[in-house]
Amino acid sequence: MDHQKLVAVMREAALEAGQAIMEVYDADDFDVKTKSDDSPVTEADERADAMISARLRAAFPDVALVTEEQADSHGISAGRFLIVDPLDGTKEFIKRRGDFTVNIALVEDGVPVRGIVYAPAKGRLFYTDADGVSVEERGPFEPDVPGRVEKLAVSVPDNAALRVVASKSHRDQATDDYINRYAHADMKSAGSSLKFCLVATGEADIYPRLGRTMEWDTAAGDAVLRGAGGAMVRFEDHGPFTYGKDGFANGFFIAYAPGVDLKHP
């Protein structure tokens with residue numbers, strides 16, 4: 001895999017999709033449909049998915065592609081695959097809260113090795129470079145010309161005053177009970193894969209998720225986190241968190257900056 005080409009294609013695809021998403025977001029109104037799993041989908045999801053899929057398939061025709069919006073891709077089994085959530089945080093999008101992202105990642109042997117997370121309403125763009133190092137690019141963003149980037153690094157956490165980020169739309173009592181096992185000084189709520197990026201930038205120390213997610217929800221953010229020196233583990237035993245699972249369904253997990261004294265369930 002030519003990682004330099006991959007990063008360029010992912011970046012261009014994410015920016016193009018983000019522009020299409022914002023055209024729908026800024027409209028006076030848009031339709032919301034319900035998928036078979038009762039999750040919402042909009043024109044923005046579908047337009048972004050078509051754009052990203054076309055770019056990735058043209059550039060990497062021999063690499064398997066898994067995307068949330070194409071159910072026939074959910075049965076794929078491959079050691080290497082691209083995985084896409086064209087609009088992560090559709091509920092935040094519908095409520096016009098801005099916490100939604102475009103997610104694209106490359107998984108190899110169960111590990112997300114490259115990824116990009118673009119939050120078009122927030123004007124934030126995070127990705128792993130060709131060497132796997134995570135950066136945040138500063139806007140304005142030009143599809144053909146990368147802008148100034150800053151290398152990301154996770155925090156050195158203070159276990160007596162941790163900064164926690166948790167889901168905005170999927171928070172529950174079990175999550176709060178687990179968070180309260182830590183001495184935390186700050187609590188943020190965020191939607192979509194932005195939570196991974198807040199840990200990757202050092203704006204938060206830990207993100208626990210005790211709820212349903214799919215691999216396309218997490219792979220890109222996980223790649224950015226790993227490329228910034230962070231880690232992601234299974235919630236139940238703190239074992240390695242891997243990708244390419246049957247049906248691409250995730251278990252509970254903890255994303256964090258090494259140095260956090262993780263608590264067991």
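This section walks through the nonpolar cores, the aromatic pairs, one helix and a few single residues of a predicted model.

The largest nonpolar core comes to 35 residues, and the members that touch the most others are I21, I52, L56, L82, F93, V102 and I104. Two helices, α1 (3–25) and α2 (43–59), each give two or more residues to this core, as do the strands β4 (80–88), β5 (101–108), β6 and β7 (124–128). Helix α1 puts in the largest share, with 12 residues. Take I21 as a sample of the packing: leaving out residues up to four places away in sequence, I21 touches A44, A48, P86, L87, F93, F100 and V102. A separate core of 34 residues lies apart from this one, and its members include V154, W216, A220 and F241.

Two of those names, W216 and A220, also turn up among the buried residues of helix α6. This helix runs over residues 215–227, and its 13 residues should span 18 Å at 1.5 Å a residue; the end C-alpha atoms are indeed 18 Å apart, so expectation and model agree. Most of α6 is covered, with 12 of the 13 residues buried. The buried set is not just nonpolar side chains, either: E215, D217, T218 and D222 are among its members. After the helix comes G229, which has a positive phi, near 95 degrees.

On to the rings. Searching the whole structure turns up 15 aromatic pairs. In one of them, Y118 and F141 have ring centres 5.7 Å apart and planes at 90 degrees, so this pair counts as edge-to-face. The two partners come from distant parts of the chain, 23 residues apart: Y118 belongs to strand β6 (residues 111–119), while F141 is in the loop between β8 (134–137) and β9 (149–151). Both rings are tucked away. Y118 has a relative accessible area of 9% and F141 one of 18%, and both count as buried because the cut-off is under 20%.

F241 and Y243 make another edge-to-face pair, with 5.4 Å from centre to centre and 70 degrees between the planes. F241 is buried at 5% relative accessibility, and Y243 is buried at 6%. This pair is part of a bigger arrangement, since ring pairs join F196, Y207, F241, Y243 and F253 into a cluster. Y243 also has a charge for company: the charged end of K245 sits over its ring, 5.1 Å from the centre. Elsewhere, K5 does likewise with F60, its charged end sitting over that ring at 5.1 Å from the centre.

Two single residues round things off. H238 is found in the loop between β14 (231–234) and β15 (249–250). Its side chain reaches the backbone oxygen of K263 at 3.4 Å. Beyond neighbours within four places in sequence, the contacts of H238 are Y178, V233, I254, L262, K263 and H264.

A249 sits in strand β15. With a relative accessible area of 31%, A249 is partly exposed. Not counting neighbours within four places in sequence, A249 is in contact with T213 and M214. A249 and R114 are 135 residues apart in sequence, and their C-alpha atoms are 20 Å apart in space.

Notes:
Residues are numbered from 1 along each chain as its sequence is written. This is a predicted model: local features need pLDDT of at least 70, side-chain atom pairs count only at pLDDT 80 or more; totals for chains, interfaces and linings use all residues. Side-chain values use heavy atoms; hydrogens and water are left out. Helices (H or I, at least four residues) and strands (E, at least two) are DSSP runs, numbered from the N terminus. The expected span of a helix is 1.5 Å times one less than its number of residues. Buried means under 20% relative accessible area, exposed over 50%, partly exposed in between (1.4 Å probe, protein chains only). Rings of Phe, Tyr and Trp (its six-membered ring) pair if their centres lie within 6.5 Å; planes under 30 degrees apart count as stacked, over 60 as edge-to-face and the rest as tilted. A charge sits over a ring if NZ of Lys or CZ of Arg is within 6 Å of the ring centre and within 35 degrees of the ring normal. A polar contact is a pair of N or O atoms within 3.5 Å; within protein, one must be able to donate a hydrogen and the other to accept it, and residues adjacent in sequence count only if both atoms are side-chain atoms. Contact means heavy atoms within 4.5 Å. A nonpolar core is a set of buried Ala, Val, Leu, Ile, Met, Phe, Trp, Tyr and Cys residues joined through side-chain atoms within 4.5 Å.
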